[in-house]
Amino acid sequence: MGELDPTFIQEPEHRPKPAVIEAHGIPEIDLSPYITSSSSSPNAIHDLVDEIRDACKDWGFFQVINHGVPIEIREKVQSVAKRFFDQSLEEKKKVKRDEANPLGYYDTEHTKNVRDWKEVFDFMVDDPVVMPASYDDDDDGGTVEYTNQWPHHPSELREVCEEYVKEVQKLSNKLLELISLSLNLPANRLEPFFKDQTTFIRLNHYPPCLAPDLALGVGRHKDAGVLTILAQDDVGGLEVKRKIDGEWIFVKPTPNAFIINVGDIIQVWSNDTYESVEHRVRVNSIRERFSIPYFVNPAPYTVVEPLAELTNERNPARYKGYNWGKFFATRKLSNFKKLNVENIQIYHFKKPDEGKIEDVVTRVENVVI
């Protein structure tokens with residue numbers, strides 16, 4: 001990536017602080033009662049669901065252990081990812097992604113219109129995936145296929161990644177069931193949204209950075225999808241914005257754990273019962289870092305809106321419905337051009353708070369001129 005140029009430099013208020021605050025509060029949840037044990041008591045499942053509920057409400061993040069994904073499969077992916085990124089830029093660019101197909105290799109991604117200090121390789125769980133051809137809500141201009149681009153080297157990358165997908169998919173399904181139960185819904189309530197899923201996986205490589213006090217591996221952001229299941233190496237770099245005070249908290253790597261975070265779609269489905277939380281990635285000047293996020297996303301034709309069971313007269317829907325495929329296409333646009341405005345966010349679909357509007361109207365009407 002060469003020397004640091006201005007496109008990587010964060011605004012002063014968003015640069016990482018020299019002092020690191022380690023996270024002691026992010027919950028570590030043992031999933032064995034739900035995943036690896038066939039004889040778990042109802043009380044154990046109930047307690048686990050309560051833990052998930054509290055973690056989603058208080059943090060929007062949690063770590064899971066005894067999750068059922070074999071450590072050797074995870075290690076194989078990390079190893080093959082390193083071999084891919086260790087290749088020359090010329091070799092990696094043979095599978096470079098573009099606006100027509102945003103899958104494959106890329107090294108100039110932007111977050112909040114600032115370039116990230118990283119390189120990535122993306123691939124979809126389902127292949128191919130049919131997506132809207134246009135991100136314009138008023139344009140029904142057909143569809144386009146996203147197709148995975150697999151490199152020739154390392155030759156085993158595809159096989160290893162597909163093996164990893166099979167295992168993490170099982171974990172994803174269990175987590176969706178637990179989150180559904182934590183919202184007092186049936187375990188399979190969310191299942192229909194994933195018949196034609198747009199879930200994708202990213203291999204991240206963060207090289208050592210000459211100025212880690214100025215740049216970020218990934219700038220502050222919230223994940224647009226349903227859930228993220230993150231495997232990180234022992235270097236670490238993930239920071240989460242703590243809800244109670246807005247401090248950036250470093251998530252120390254736990255061997256063989258996955259870090260889970262609630263995405264924007266869960267926030268909308270739950271009608272703000274759960275909140276998607278900002279996070280970012282630090283880099284350092286000495287060690288490279290690898291991570292593997294698994295972004296759980298619904299079918300492209302999904303209309304994302306608060307679930308009917310979680311709304312009523314006292315708690316009306318707080319969001320207008322939006323088409324996930326269009327939303328996804330709009331977000332991908334910012335990867336290839338610097339926008340003059342912030343990319344599309346779920347708050348653009350937030351309904352006005354009728355109570356606050358009525359309160360403002362009442363105060364205005366009571367003003368004596």
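The legends below describe close-up views of a predicted model.

**View 1. An open sheet of 8 strands with mixed pairing.**
The strand order is β1-β2-β14-β11-β16-β9-β6-β3. At the edges stand β1 (28-30) and β3 (104-106); each has a single partner strand, so one side of each is left without a neighbour in the sheet. From one strand to the next, the twist averages 25°. Strands β11 (residues 227-232) and β16 (residues 289-296) run antiparallel and are joined by 6 bridges. In this pairing, Q232 of the chain stands opposite S291 in β16.

**View 2. Helices α2 and α5 packed on the 8-stranded sheet.**
Helix α2 (residues 42-58) touches β1, β2 (61-65) and β14 (258-262). The direction of helix α2 makes about 160° with that of β1. Helix α5 (residues 157-182) also packs on the sheet, and its contacts are with β2, β6 (119-124), β9 (200-206), β11, β14 and β16. Between the directions of helix α5 and β11 the angle is about 130°.

**View 3. Strand β14 and its two partners, β2 and β11.**
Of the 5 residues in β14, 5 are buried. Both faces of the strand are covered. F258, I260 and V262 lie on one side, I259 and N261 on the other, and all are buried. Strand β2 runs antiparallel to β14 and is joined to it by 4 bridges; here Q63 stands opposite I259. Strand β11 is likewise antiparallel to β14, with 4 bridges, and T228 stands opposite N261. At F258, the charged end of R74 sits over the ring, 4.7 Å from the ring centre.

**View 4. An open sheet of 4 strands with antiparallel pairing.**
The strands follow the order β10-β15-β12-β13. Its edge strands, β10 (218-221) and β13 (248-250), each pair on one side only. Neighbouring strands are turned by 20° against each other on average, direction ignored. Strand β12 (residues 238-241) pairs with β13 in the antiparallel sense over 3 bridges. Within this pair, E239 stands opposite F250 in β13.

**View 5. A cluster of aromatic rings that includes F84 and F85.**
The whole structure contains 17 aromatic pairs. For F84 and F85, the ring centres are 5.2 Å apart and the planes are at 70°; planes over 60 degrees apart count as edge-to-face, so this pair is edge-to-face. F84 and F85 are both buried. Ring pairs link these two residues with Y105, F121, F123, W150 and F290 into a cluster.

**View 6. The surroundings of R15, in the segment before β1.**
R15 has a relative accessible area of 28% and is therefore partly exposed. Not counting residues up to four places away in sequence, R15 touches I9, Q10, D213, L214 and R280. The side chain of R15 reaches the backbone oxygen of Q10 at 2.7 Å. R15 and L216 are 201 residues apart in sequence, while their C-alpha atoms are 7.5 Å apart in space.

Note on methods:
Residues are numbered from 1 along each chain as its sequence is written. This is a predicted model: local features need pLDDT of at least 70, side-chain atom pairs count only at pLDDT 80 or more; totals for chains, interfaces and linings use all residues. Side-chain values use heavy atoms; hydrogens and water are left out. Two strands pair if DSSP finds at least two bridges between them. Helices (H or I, at least four residues) and strands (E, at least two) are DSSP runs, numbered from the N terminus. Axes are lines fitted to C-alpha atoms, for helices over the stretch in contact, and angles run from 0 to 180 degrees between N-to-C directions. Contact means heavy atoms within 4.5 Å. Buried means under 20% relative accessible area, exposed over 50%, partly exposed in between (1.4 Å probe, protein chains only). Rings of Phe, Tyr and Trp (its six-membered ring) pair if their centres lie within 6.5 Å; planes under 30 degrees apart count as stacked, over 60 as edge-to-face and the rest as tilted. A charge sits over a ring if NZ of Lys or CZ of Arg is within 6 Å of the ring centre and within 35 degrees of the ring normal. A polar contact is a pair of N or O atoms within 3.5 Å; within protein, one must be able to donate a hydrogen and the other to accept it, and residues adjacent in sequence count only if both atoms are side-chain atoms.
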